[in-house]
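I would like a close look at one part of this assembly, read carefully in its surroundings. Please begin with the overall division of the chain and then stay with the chosen part.

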Amino acid sequence: MARRAGAARWPLLGQLAGPDRLGRGAAARSPVSASLRPRVASADRVVKSICPYCAVGCAQNVYVKDERVVQIEGDPDSPVSRGRLCPKGSATLQLTTGPSRRHQVLHRRPFSDDWETLDLETAMDMIAERVIQTRAETWEERLGDKKLNRTMGIASLGGATLDNEENYLIKKLLTALGVVQIENQARVCHSSTVAALGTSFGRGGSTTCLQDLQHADCIVIEGSNFAEAHPVGFQWVMEAKARGARVIHVDPHFSRTSALADTYVPIRAGTDIAFLGGIINYVLAEERYFRDYVLAYTNAAVVVGPDFRDTEDLDGLFSGFDPESRQYDSSSWQYEGLELTNPASGNEELTPYREGGAGTGHGESHGSGGPALKSGVPERDPSLQNPRCVFQILRRHYSRYTPEMVEEVCGVPRDQFLEVCRALVENSGRERTSAFAYAVGWTQHTVGVQYIRTASVLQLLLGNIGRRGGGIMALRGHASIQGSSDIPTLFNLLPGYLPMPYAHTHERLRDYIAAERVDKGFWAEMRSYMVSLLKAYWGAAAGEDNDYCFDYLPRLTGSHSTYETVFEQLEGRCRGYFLLGENPAVGSANTRLQRFGMAQLDWLVVRDFSLIESATWWQDGPEIASGEMRTREIKTEVFFLPAAAHTEKSGSFTNTNRMLQWHHTAVEPQGDARSDLWFMYHLGRLIREKLAGSTEPRDRPLLDLTWDYPVEGPLREPSAEAVLAEINGFDAEGRPLGSYTELRDDGSTACGCWIYCGVYKDGVNQAARRRPAQEQNWLGPEWCWSWPANRRVLYNRASADPQGRPWSERKRLVWWDPERLSWVGDDVPDFVADKPPDYRAPEGARGAAALEGDDPFIMQADGKGWLFVPNGLVDGPLPTHYEPQESPFQNALYRQQSNPARQLRPHPLNLYQPSGELPGSEVYPFVATSYRLTEHFTAGGMTRWTPYLTELQPEFFCEVSPELARERGLEHMGWVTIISARSAVEARVMVTERMTPLRVQGRTVQQVGLPYHWGPNGLSRGDSANELAPVALDPNVHIQEVKALAVDLIPGRRPRGEALRQLVREHRRRAGVTEATGTRL
Amino acid sequence: MSLAERLGELLSGPEPAVAADAGYQDPPPRMGFFTDTSLCIGCKACEVACKEWNAIPQDGQRLTGMSYDNSEALGADTWRHVAFIEQRRRDGRLGPELALTPAPSPFPVGPGVRIRADGGDGVLPDGGGELRWLMASDVCKHCTHAACLDVCPTGALFRTEFGTVVVQEDICNGCGYCVPACPYGVIDQRHDDGRVFKCTLCYDRLGVGMEPACAKACPTDSIQFGELDQLRQRADRRLAQLQGQGLSEARLYGHRPDDGVGGDGAFFLLLDEPQVYGLPPDPVVTTRDLPSMWRHVGAAALTLLAGIGAAHLGSRR
Amino acid sequence: MASREGVRALLRQGLDYESAAAALGIGAGVAYMVATGLPADRSDHLGEEREGAREGSTQLLAEQPPGPEVDNRETLAWLRRRAQADPGMRGGR
């Protein structure tokens, strides 16, 4: 853009003398325009980062000028995102630098009606004092003769948007303090995934990566709004479409995903097991399963013991159900031929789970390592004819899931259902593969785990797992929610899916190992993983003589999930609470319950960007508005600590494909904003200083903890890379380890999370590698680092036949090279690299050596994909259609209405509605489902304060069909009040054809769509949809059912004040709701 | 080419060398947008990325009821606008209107009727058709013959070396002549400012070889940035592909150099008629008629003179 | 400003984009865009052949400022100190 010279700089002369006589181009260009330079080019530095919103993990370039971030845009080098960003990722600049962020600590004294400012140092000191005091007052040394070593007085929630390093310190410090109620968004989001995929395949995460979707011949998106919740990930579905793939979207509402699908199938919310079970039935009846794959790679041929009874025999129950405790004894589900171990230890694996009450979920400990099997060789029938073999059990179990039944139950017309079946079978087998993509539309149910299990069974039958373009894509939702499950900040897990010990059984380390480990596969090395973790936590204090400080771990006595914690708060036992980037007053089920719980606390610490609803409920929450609570009577002391953004700290996020991606600090946080790494580290330092010299035995775990991370700069920020190095693990010389196979059980290695071992291999931060996608193959193996061992498509051994040859050239991924005597291909083999396909394990082999050459599911006890899960899930070995907890319909398949093992907590604040044929269910006649819009993010903390996003979706609205609008007198853009037994909310009305009335069991049912992002705070305000939902949980993982509710609609705005409660009570009265309603088996 | 023809070419019809005609020596190839709306997922990343890059203020926060479109239209504070049309197709025609109570809107809000499984021919048992949700990201067209540019009295609007049309904020005096001139209703004045603002095709980014913010962000590559000639070829191939798949209503919009504005620097692939998307079916640059207007003025002037002359002659008797 | 032919002429003489751009007095990124029609920071992947298009990442052509230095020596030293403070690791059992 050269400047003109001399007289020609006078515009008119220049115009007439030069080539631009009409003066519309070069002559009209001003000097300013001629010297324009984009601010990215004049920035001081560009810092590599990762988007903090969803779990696609789009790479970002952060441009800094004069120590301020001036631009954030996509990094084209990423093999996952290719430089693109969705509207939220594009708004990251405004999120992190806009005026909505707070930078000052606020303090609310007990009974005060307003905030006061407080300096950070004083706040930290006060919080440390609160922790010490509450812990001392609520310490539990023993229960009977069993050690507990814990406090139930403190809980923590949050972590899915935090770095792995932050989650690691949260778990480490709080565990050493004896806190067991440590939870995060993963509980309420994808905990079902861990148990379902873990028990089916051996690892509880997405089986494939986003880029692999481009190779699918058919993609079924169900229980997911892929294009809206993961827009940049959706580009890979579009790639598949461009190559001719068929895309099918099954969902109660027609969303932006449906708009791009080839086929949209409307379905009644809560009936996906019937739908998928129908497809299973079709596949079996039409003999369209991939027989060679099923025989070689699944447990189809295994014979189950003679005492097993299926739901077909017991009208909806499996054998072994105890109606008193509402739990199953799974002994009758076991394989035939496995020895019963001696009675003393035989069923003891199950006892803690019985003692702890219904559904003390052990399923999540299969996040990396499937359930144990008793020793011995199971009986098998390779002809698949034995009536007690898994295959025949499966056939019989789904025999009534006919197309007619699917139409009855799901409201999906028979022809449309068969179209989906045909699409899947025509696109599976040797030459073609199909993929499933799902999200919380499947996980958030009282049968959430079983939903995903149904897809797992189907994909195993079709031979799609471990194949190019196949698999099951679990679309997780938060930037590092996979990490906050791996590390984890979850009550029942230690890093790497090691289970937290229970008071009853796990007395000593050897008891713990005996109860948990398996003989075959990599989980056999469990002791090495556990000892190395204990060395990472307690360093020099941990030795062979004291069981490596195994006793320092607090013990569980049941479920201590976030929902149990709320009841602990209500009952005054849990007195202190940390909220670390999570907003349960909007995001958890039964938000009223959450707020009433918090109102019983002694103290609450909220760390976030803005004053979210969970920080201000005491001042202006719905219960203040209704008069049920009065601010001056609420004793909860509240601290609000402003949090640093991802641009202001370094750390790693783990995305939905198990990939760890590092983001670097671009600028220092301003004011009193600090990272959660800083907060946890200094909180720990302060507490240790205050308790130094203590002789109390309970303080030893805290004082012996290794807590010496280097700190940098004027803010004394701990080094996230050092934390990563500890997570990775090191040997006795301090050398970073390269793989979990180097871990030892003799105390010579330390490792904070065995599945992450290798992320700091050779002292190089593998998660920070950013070799451009354009320089690698489509998997981009040198971009960042995935667990396990940088494999991108799991179980890829199954992409080759038992002899090691690809099933087809077209779909080859990994295969055996007989010349090089190793497995080769596009991906790192998910297998011992030099184990030949014909390897047979010698008698008595243990560990990895016990896995044979055709065992692709290397984390499973028998190396096979499990169609039938004999162990590890508490509500059945096979998925079964049950109606949601609250449903206008009776279960058409069985007498058993809902999941018999589901977890309920009836309480005056958590009343259930009558369902099905019970009188009163007609008071709540409409099916409601909650979902997301692309413009907002979860509970709104990161979008409702961001103007560029709030102007795109400014208000809470609900979507109804024109028929429903006519039926209830609703007007487009008018108001409607939505009522359940818990509460009532108001929303603007969006009348749209995209909501379809369905014909179910002889009558028409209307569905109501509820985007759930809103709360009363921020720039975009509205009622929270989760006010309506009850706490009704899946028993394996304690996840709430918010995807299928029953509601009533009334035109107009909702009443205010006491009148609101009266409205809710009146509906309850008409429906006959009591504390006993809905709690029957 | 005669002077008259040359002048004509500068005002309407095909103009292959737009940048050279605007006085640039050895200009780079003409750059532009091809927006393939068949790939749009309606996410509005384009709207946000544009606002972030150009520091555009928020444009009002109101729920419009126009499906998921709360941005309503292009304007001074919305330079990328995603339209949403819910419709039911049957044999390529719009289905019956549904009596909604709409918010005031310049666009036809699409109707639709119940979804049911059809017999494969798109027609449902009750005569209805499959539901369709059209989504499209609209933008300034950077016309070959840009009316806004032609009528601008101050030279604030100018043609860049890339063939794009840009408003220079340091020149614009807020007279507003360009606002009614634009056949698409794109350019508009900012309320508390007075000057006009519109898409610049990220002129500053082009200057260092970077693509516009919206094109970079677009998750599905609905917005494609590149050399206009290459984009036109790509669009032709894409259209043929879609029509081959049975999407007979798919069409290109604004791609033809002989249309009323000489073809657009930002053109589109639509899945229905332009009016469905709120786009004018036959936009014409104001100055197309300029030569004819001046000829008529000239003829009128001569007629007037002749009349005066005749009256004068007549009055002299 | 440069035309496509102007840039390509220099490329044919064996110059790379950075040198060709310097010779023309323009940035390397815009030289790349002018020559190929592709932006240096492109996020699309429409798989077309373009004369002069570079394999691999091109975003650095577009006048990107440098990133900060990263150094792992402190972390490795800290790890060694951690291990040294724990003689039990070396003694094994």
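Q: Which domains does the domain assignment of chain A give, and which residues of helix 34 of chain A are buried?

A: This is a predicted model, in which local features need pLDDT of at least 70 and side-chain atom pairs count only at pLDDT 80 or more, whereas totals for chains, interfaces and linings use all residues. Residues are numbered from 1 along each chain as its sequence is written, while chains are lettered from A and ligands numbered from 1 in the order in which they are written.

The assignment, with bounds from an automatic or database source, divides chain A into domain 1 (1-36), domain 2 (45-97), domain 3 (105-181 + 497-644 + 669-709), domain 4 (191-475 + 857-872) and domain 5 (903-1071). Between domain 1 and domain 3 of chain A, the C-alpha centres are 67 Å apart.

Helix 34 of chain A comprises residues 1058-1071; helices (H or I, at least four residues) and strands (E, at least two) are DSSP runs numbered from the N terminus. The end C-alpha atoms of this 14-residue helix are 20 Å apart, in agreement with the 20 Å expected at 1.5 Å a residue, the expected span being 1.5 Å times one less than the number of residues.

Within helix 34 of chain A, the buried residues are A:Leu1060, A:Val1064, A:His1067, A:Arg1068 and A:Ala1071. Because these buried residues cover an arc of only 100° around the axis, they lie on the same side of helix 34 of chain A; the arc is that of the directions from the helix axis to the C-beta atoms. The other side of this helix holds the exposed residues A:Glu1058, A:Ala1059, A:Gln1062, A:Arg1065, A:Glu1066 and A:Arg1069. Buried here means 20 or more other C-beta atoms, placed from the backbone, within 10 Å of the residue's own, exposed means 12 or fewer, and partly exposed lies in between.

The cover over the buried residues of helix 34 includes helix 28 (622-626), strand 31 (975-979), strand 32 (984-991) and strand 37 (1045-1051) of chain A. After helix 34 of chain A comes A:Gly1072, with a positive phi near 70°.

The wider packing can be followed through A:Ile978, which, together with A:Ile219, has the most contacts inside the largest nonpolar core, a set of 419 residues. Such a core consists of buried Ala, Val, Leu, Ile, Met, Phe, Trp, Tyr and Cys residues joined through C-beta atoms within 7 Å. Beyond its neighbours within four places in sequence, A:Ile978 is in contact (C-beta atoms, placed from the backbone, within 7 Å) with A:Cys958, A:Ala984, A:Val985, A:Ala987, A:Val1008, A:Leu1028, A:Val1047 and A:Leu1049. A second, separate core of 20 residues includes C:Ala2, C:Val7, C:Ala21 and C:Ile26.

Elsewhere in chain A, some backbone details deserve a check. Most residues other than glycine have a negative phi, and most peptide bonds are trans. The bond from A:Ile487 to A:Pro488 is cis, with omega near -25°, and A:Pro488 sits in the loop between helix 21 (481-486) and strand 16 (493-494) of chain A. Another cis bond, with omega about -5°, joins A:Trp787 and A:Pro788. A:Arg326, although not a glycine, has a positive phi of about 60°; A:Arg326 counts as buried because 21 C-beta neighbours lie inside 10 Å. A:Asp547, likewise not a glycine, has a positive phi of about 60°, and with 17 other C-beta atoms within 10 Å A:Asp547 is partly exposed.

Methods. Contact = placed C-beta atoms within 7 Å.
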